[in-house]
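Here are a few exercises to work through with the model open. Try each task before you read its solution.

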Amino acid sequence: MSSLSETRDDVRSTFTEETSEDLVVASFGDMPDPRLREIMNSLVRHLHAFVKEVGLDQREWEQGIQFLTATGQKCDPTRQEFILLSDVLGVSMLVDAITNATEPRATDSTVLGPFHMVDSPARELGSWIGEVGAGEQALIRGRVLSADGTPLPRALVDVWQADEQGFYDVQVPDRVSEGHLRGLFTTGADGVFWFRTVVPAPYPIPTDGPVGDLLEATRRHPYRPAHVHFIAGAEGHRPVTTHIFVEGSPHLDSDAVFGVKESLVKPFVLVDDPRLAQAHGLDGPFRLCEFDLVLEQADSR
Ligand code: BEZ
Ligand code: FE
């Protein structure tokens with residue numbers, strides 16, 4: 001027969017609503033990696049608190065498991081439904097805020113999104129980044145600078161955007177060729193980059209999967225405001241992944257993935273000056289957007 005103290009230990013190690021967190025956290029007691037232990041302990045504590053707070057029952061747990069299973073099944077080499085889930089839950093932007101708490105003079109970062117191509121086509125400064133077609137023409141130009149204002153020559157500026165209907169090249173392969181509205185530029189001696197393009201339209205994030213179902217069930221719209229993506233990098237500096245958002249675009253105050261930062265909203269000013277248009281190889285009135293990409297020095301932390 002067991003002693004009284006052994007009986008009490010047995011009772012304490014019985015799994016109940018009260019003991020659940022402590023028991024699971026204790027199971028990680030021998031974990032050698034302190035950071036992994038911190039993360040797992042906190043994850044378990046928050047997860048158990050959540051289940052208890054909402055009183056999650058068996059049927060709801062099964063629905064949750066089905067949702068996560070479908071999310072995984074939707075993933076393939078070009079579709080990452082878990083990142084999309086993280087995006088619409090604001091987790092991607094929260095991790096971005098924690099990771100990229102940059103020095104105040106540097107350009108703010110935002111989500112990468114699923115439409116980046118590792119190999120954007122290299123283009124000459126001033127090029128069109130797409131096949132010239134419909135859409136309002138735009139000239140985008142600026143400089144890549146170090147946080148102290150020094151221009152950064154030979155910096156890389158990777159650009160990609162949706163078209164005037166809100167589609168990326170990979171979404172409409174029958175209409176445009178790969179590389180449409182994408183470009184990889186190298187800044188000139190003065191840190192300058194510039195290119196010709198069209199003003200992008202707002203667009204919905206992919207909704208043909210479980211994340212789309214979630215948005216519909218929770219009555220949330222899937223739209224992102226019009227934007228152009230950038231990754232800028234230069235030797236000795238931390239690269240920045242960011243966008244510029246078209247000032248006045250719908251959905252600036254309700255981006256489905258919470259990516260908008262005020263500092264990234266830029267005017268696309270109407271320029272109706274035939275001489276200026278001609279000087280930049282544009283047909284007629286166009287939109288001009290000017291801004292600098294400012295990078296933090298790599299050794300500044
Ligand atoms: C995008 O801007 O390309 C994007 C970002 C997050 C989710 C979906 C799309
Ligand atoms: Fe985008």
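**Exercise 1.** In which loop is Arg219 found? Then check its phi and its exposure.

*Solution.* This is a predicted model, so local features need pLDDT of at least 70 and side-chain atom pairs count only at pLDDT 80 or more, while totals for chains, interfaces and linings use all residues. Residues are numbered from 1 along each chain as written, chains are lettered from A and ligands numbered from 1 in written order, and side-chain values use heavy atoms, leaving out hydrogens and water.

Step one: Arg219 sits in the loop between helix H7 (210-217) and strand E6 (223-224); helices (H or I, at least four residues) and strands (E, at least two) are DSSP runs numbered from the N terminus. Step two: its phi is positive, about 60°, although Arg219 is not a glycine. Step three: Arg219 has 73% relative accessibility and so counts as exposed. The cut-offs are under 20% relative accessible area for buried, over 50% for exposed and partly exposed in between, with a 1.4 Å probe and protein chains only.

Now do the same for His251. Its phi is near 75°, again positive in a residue other than glycine. His251 belongs to the loop between E8 and strand E9 (265-266), and is partly exposed at 24%.

**Exercise 2.** Work out which strands E7 pairs with, and how enclosed E7 is.

*Solution.* Strands pair if DSSP finds at least two bridges between them. Start on one side: strand E2 (residues 156-161) is joined to E7 by 6 bridges and runs antiparallel to it, with Gln161 opposite Val228. Next, 6 bridges also link E7 to strand E8 (residues 240-246), again antiparallel, and here Ile231 faces Thr241. E7 and E8 make a hairpin with 6 residues between them, and Gly236 in the turn has a positive phi of about 80°. Finally, 6 of the 7 residues of E7 (residues 227-233) are buried, so the rest of the structure largely encloses this strand.

**Exercise 3.** Take the pairs Phe115–Tyr203 and Phe185–Phe195 and classify each.

*Solution.* Rings of Phe, Tyr and Trp (its six-membered ring) pair if their centres lie within 6.5 Å; planes under 30 degrees apart are stacked, over 60 edge-to-face, and the rest tilted. The structure has 8 aromatic pairs. For Phe115 and Tyr203, the centres are 6.4 Å apart and the planes at 80°, so call this one edge-to-face. Phe115 is in the loop between helix H6 (91-99) and strand E1 (137-146) and Tyr203 in strand E5 (residues 203-204), so the pair ties together parts 88 residues apart in sequence. Both Phe115 and Tyr203 are buried.

For Phe185 and Phe195, the centres are 5.4 Å apart and the planes at 15°, so the pair is stacked. Phe185 belongs to strand E3 (residues 182-186) and Phe195 to strand E4 (residues 192-198), so this pair ties together parts 10 residues apart in sequence. Phe185 is buried, at 0%, and Phe195 is buried at 0% too. Zoom out and you'll find one aromatic cluster of Phe185, Phe193, Phe195, Phe230 and Phe291.

**Exercise 4.** Find side chains in polar contact with ligand 1.

*Solution.* List the neighbours, meaning residues with a heavy atom within 4 Å: among them are Phe115, Tyr168, Tyr203, His227 and His229. Then look for N or O pairs within 3.5 Å. A polar side-chain atom of Tyr203 is 2.6 Å from a ligand oxygen, the corresponding distance for His227 is 3.0 Å, and for Tyr168 it is 3.4 Å.

Terms used
A polar contact is a pair of N or O atoms within 3.5 Å; within protein, one must be able to donate a hydrogen and the other to accept it, and residues adjacent in sequence count only if both atoms are side-chain atoms.
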